[in-house]
Amino acid sequence: MHEASIMQSALDLAIARAGGAHLRNIHRIRLRVGVLSGVAPEALQFAFEALRDGTIAAGARLEIDPGPAACRCRDCGMNFEADDPVVIVCPGCHGMRVRVDSGREMELVELEAS
Amino acid sequence: MCLECGCGEVGRFGVHSLRAPGGHVHAHGPGAHFHVHADGTAHSHPHDHGAPHPHATVTVPIASSILAHNDRLAERNRGFLEAKGVCAINLLSSPGAGKTTLLTRTLDLLPAGMRAAVIVGDLETTRDAERLRRDGVGVVQITTGTACHLDAEMVARGIGELDLDGTRLLFIENVGNLVCPASFDLGEKVRVVLFPVTEGEDKPLKYPPVFKLADLVIVTKTDIAEAAGFDREPALANLRSVAPQAQVIELSARSGAGIDAWIAFLQQRAGT
C-alpha cells in the first residue's frame, strides 16, 4: 500500500485539527489501521519519521492500533474475527461467502497536543 | 516513488492523444501548469500574550477516515465518469498476459452504438495505443517513464484528452504489473484481472492483493492451455479461495472462445 501518501494525509489532518483547536505542539497521534487494509504499520512509522520534520508534530509519537476484521458468514450467520487476511473462511461452516464488516479502515482516532 | 517497489520518481509522465494523426504529446509532472496538491495546509496560531505560560496538554478525539491523496483524486475521477455515464474498466495483469490483444478483439466485437474509449499505460512507447487505434475510438497513451503503475492523476489527465460524450465504456489498460497497480484506485467502476493459463495454477495465491480486489478475473489464452500444461481445477480452486468475490470468465482472445461472456459482461455493466 502507499503508506507515505496515507501518512501524509493523516499528518495533514492532524495538523489541521490541532491548528483549529489552537494547539501548537502535537505530542501524540493515534491511528487505527484495519488488519485487512493492506497497510503495513511499520511502513507508516517509517514514513511518519520522515514526514514529521519541520511540522508541529516534529516531536510527536505515533501510535497505531490494529482494527480487527469483524466478519459475518452469509451462509450460517456466524460472527467471527478473521485471522488470515488472504483466505477468509467461516470457522463454523467453512464457507467462504463472508461479509467483512470491519478491518479495512484507516482512521485518525485522536491526537494529544498542547 | 512507488512505495510498493521503490521504483522511479512518479513525477513526469507523458500523455499522448491519438485522436489527431501523429498525435500530440503533453509532458506532465512537476513544473507543468497543472499539479494537484494534497488538501489541508496547516497554520499555526500565534499567541499574543506577554508572559509565556505552559499550555495544558489536551487529547482531541477526531475519529476521521484518512483518505490518501490518490484516493481523493480517484473519487474525483469516479464522480466525473459516473456523471457522464461512462463505465470505466481497469484492466490489470502481469506484463504479456494479453491485455492489449483482448482489448483489440473487444473493440472489434462491441455492438455498434456502444461507444468506447481507451487509456493505456506503459513505461515507454505508444505502440499499444497504435494497435488499438481505430475510427470512433478515442485512445490516449500514458507513458509513465519509470512508474510501474497508473495512478488517478495520470488517468485524470488522460480523461482530459478524451471526448467522452456518449461514451459507454472507458477501458484503462494498466501497466503490466501484478503488484503495485493493486494499490492505486483510478476511479474505475470495474476491476478486471487477467490470469493467463501460462502463469501457473498458484498465481492467485502468490499475488493476493490484486486478486482480492478484482470484480472479474478473466482466465485468458485458453487456446494454449494444454500446451502450457495448465491444471484448470486447482487454478480455479485457488482463485476461488483468494477471490471468492470475483466473477470468472475463461476465454481466448485469439480463437474467440468464451468471448461472448465477456462482451455480455461489458454490456451488463455499461447498462445496456
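In the predicted model examined here, B:Ala63 lies within strand β3 of chain B, which runs over residues 58-65. The backbone of B:Ala63 has a phi near 50°, a positive value in a residue that is not glycine. This can be set against the general tendency, in that most residues other than glycine have a negative phi. With a relative accessible area of 53%, B:Ala63 is exposed, because the threshold for that class is set at over 50%.

A second residue with a positive phi is found in chain A, where A:His22, likewise not a glycine, takes a value of about 60°. A:His22 is placed in the loop that joins α1 to β1 (26-34) of chain A, and this positive phi comes just after α1(A). The relative accessible area of A:His22 is 43%, so this residue is classed as partly exposed. In chain B, a positive phi also comes just after helix α1(B), where B:Gly85 takes a value of about 70°.

The two chains may next be described as wholes. Chain A contains two helices and six strands, and these elements follow one another along the sequence in the pattern α-β-α-β-β-β-β-β. The radius of gyration of chain A is 17 Å, whereas a compact globule of 114 residues would have one near 13 Å; along the principal axes, the C-alpha trace of chain A spans about 55 × 25 × 15 Å. Of the 114 residues in chain A, 42% are buried, and the accessible surface of the chain amounts to about 5,300 Å², with 50% of that area belonging to carbon and sulfur atoms. Among the contacts in chain A with a separation of 6 or more, 69% are accounted for by residues 24 or more positions apart. Chain A carries 12 positive and 16 negative charges, and the mean positions of these two sets are 6 Å apart.

Chain B, for its part, has nine helices and 10 strands, and 51% of its 272 residues count as buried. The accessible surface of chain B comes to about 12,400 Å², and carbon and sulfur atoms contribute 51% of it. Of the contacts in chain B between residues at least 6 apart in sequence, 72% join residues that are at least 24 apart.

The helix α1 of each chain was considered in turn. In chain A, α1(A) has 18 residues and reaches 25 Å from its first C-alpha to its last, a span close to the 26 Å expected at 1.5 Å a residue. The buried residues of α1(A) include A:Ile6, A:Met7, A:Leu11 and A:Ile15, together with A:Glu3 and A:Asp12. The cover over the buried residues of α1(A) includes β1, α2 (41-51), β2 and β6 (106-113) of chain A, and α1 of chain B also takes part. In chain B, helix α1(B) covers residues 69-83 and has 15 residues, with a reach of 22 Å from first C-alpha to last, close to the 21 Å expected at 1.5 Å a residue. The residues of α1(B) that are buried include B:His69, B:Asp71, B:Leu73, B:Arg78 and B:Leu81. What covers the buried residues of α1(B) includes α1 (3-20) of chain A, along with β4 (87-92), α4 (152-160) and β7 (169-173) of chain B. The α1 helix of chain B is thus among the elements that cover α1(A), and α1 of chain A is among those that cover α1(B).

Two individual positions were also examined. A:Gly67 is located in strand β2 (residues 61-67) of chain A, and A:Gly67 counts as buried because its relative accessibility is 0%. When neighbours within four places in sequence are left aside, A:Gly67 is in contact with A:Arg32, A:Val33, A:Gly34, A:Val35, A:Gly103 and A:Glu105. For one of these partners, A:Val35, which is 32 residues from A:Gly67 along the chain, the C-alpha atoms are separated by 5.7 Å.

B:Lys189, by contrast, is placed in the loop between β7 and β8 (190-196) of chain B, and a relative accessibility of 48% means that B:Lys189 counts as partly exposed. Apart from neighbours within four places in sequence, B:Lys189 is in contact with B:Cys87, B:Ala88, B:Asp215 and B:Arg269. B:Lys189 and B:Ala129 are 60 residues apart in sequence, and their C-alpha atoms lie 22 Å apart in space.

Note on methods
Residues numbered from 1 in each chain as written. Chains lettered and ligands numbered in written order. Predicted model: local features only at pLDDT ≥ 70, side-chain atom pairs only at ≥ 80, totals over all residues. Heavy atoms only, no water. Helix = DSSP H or I, 4+ residues; strand = E, 2+ residues; numbered from the N terminus. Rg over C-alpha atoms; globule rule 2.2 N^0.38 Å. Buried < 20%, exposed > 50% of the residue type's maximum accessible area, 1.4 Å probe, protein only. Contact = heavy atoms within 4.5 Å. Areas by Shrake-Rupley, 256 points an atom, 1.4 Å probe, with all protein chains shown as cover. Lys, Arg positive; Asp, Glu negative; His and termini not counted. Charge placed at Lys NZ, Arg CZ, Asp CG, Glu CD. Expected span 1.5 Å × (residues − 1).
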